[in-house]
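The following exercises concern a single protein chain. Each task is followed by a solution in steps.

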Amino acid sequence: MTGVELEAELRQDIADGKVIVVAGAGLSASVTGGAAPGWRKLVQTGIEHLRSLGETNEWCSWVQNTLTQQFPEALLSAADAVDNKLRQRHEFAPWLRQQVE
């Protein structure tokens, strides 16, 4: 299949409602010229939000340290920790809404 044929098929699938686009924080940051936060910034704002809600400095420092590591598993671990804490406090949706407004 040529690139032209692939594009035509994709356009038809979009028109038929057969395509779902899944875009993450990295893409959002890229297309907004950095106005939308990337993954690390998003997790950082989650840490800051949790700190403002009274999360311990020990926990925040641990996640912050994990976030500074330069391998994907560390970022995923930090993101998971923030996600879990935000959900436990029923703060995930309000926090996320703040990040995209």
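**Exercise 1. Describe the fold and the overall dimensions.**

Read along the sequence, the protein shows the pattern α-α-α-α-α-α. This amounts to six helices and zero strands, where helices (H or I, at least four residues) and strands (E, at least two) are DSSP runs numbered from the N terminus. The model is predicted: local features need pLDDT of at least 70, side-chain atom pairs count only at pLDDT 80 or more, and totals for chains, interfaces and linings use all residues. Residues are numbered from 1 along each chain as its sequence is written, and side-chain values use heavy atoms, with hydrogens and water left out.

Next, consider the dimensions. The C-alpha trace spans about 55 × 30 × 25 Å along its principal axes. The radius of gyration of the protein is 18 Å, whereas a compact globule of 101 residues would have one near 13 Å; the radius is taken over C-alpha atoms, and the globule rule is 2.2 Å times the number of residues to the power 0.38.

Finally, turn to burial and contacts. Of the 101 residues, 29% count as buried, a term that means under 20% relative accessible area, with exposed over 50% and partly exposed in between (1.4 Å probe, protein chains only). Among contacts (heavy atoms within 4.5 Å) between residues at least 6 apart in sequence, 48% join residues at least 24 apart.

**Exercise 2. Compare the expected and actual spans of helices H1 and H3, and state what follows each helix.**

The expected span is 1.5 Å times one less than the number of residues. For H1 (residues 3–15), the 13 residues should span 18 Å, and the end C-alpha atoms are 18 Å apart, which agrees. For H3 (residues 39–52), the 14 residues should span 20 Å, and the separation of the end C-alpha atoms is 20 Å, in agreement.

H1 is followed by Gly-17, with a positive phi near 75°. After H3 comes Gly-54, whose phi is also positive, near 105°.

**Exercise 3. Which residues of H3 are buried, and what do Gln-44 and Thr-45 touch?**

The buried residues of H3 are Leu-42, Val-43, Gln-44, Thr-45, Gly-46, Ile-47, His-49 and Leu-50. Two of these illustrate the polar members of the list. Gln-44 counts as buried because its relative accessible area is 15%. Not counting residues up to four places away in sequence, Gln-44 touches Gln-64 and Leu-67.

Thr-45 is buried at 13% relative accessibility. With the exclusion of residues up to four places away in sequence, Thr-45 touches Trp-95 and Gln-99.

**Exercise 4. Is Leu-86 buried or exposed, and which residues does Leu-86 touch?**

Leu-86 lies in helix H5 (residues 72–88). Its relative accessibility is 0%, so Leu-86 counts as buried. Beyond residues up to four places away in sequence, Leu-86 touches His-49, Leu-50, Glu-91, Phe-92 and Trp-95. The C-alpha atoms of Leu-86 and Asn-65, 21 residues apart along the chain, are separated by 18 Å.

**Exercise 5. Where is His-90 placed, and what is the sign of its phi?**

His-90 is in the loop between H5 and helix H6 (92–100). Its phi is near 55°, a positive value in a residue other than glycine. Most residues other than glycine have a negative phi. His-90 counts as exposed because its relative accessibility is 69%.
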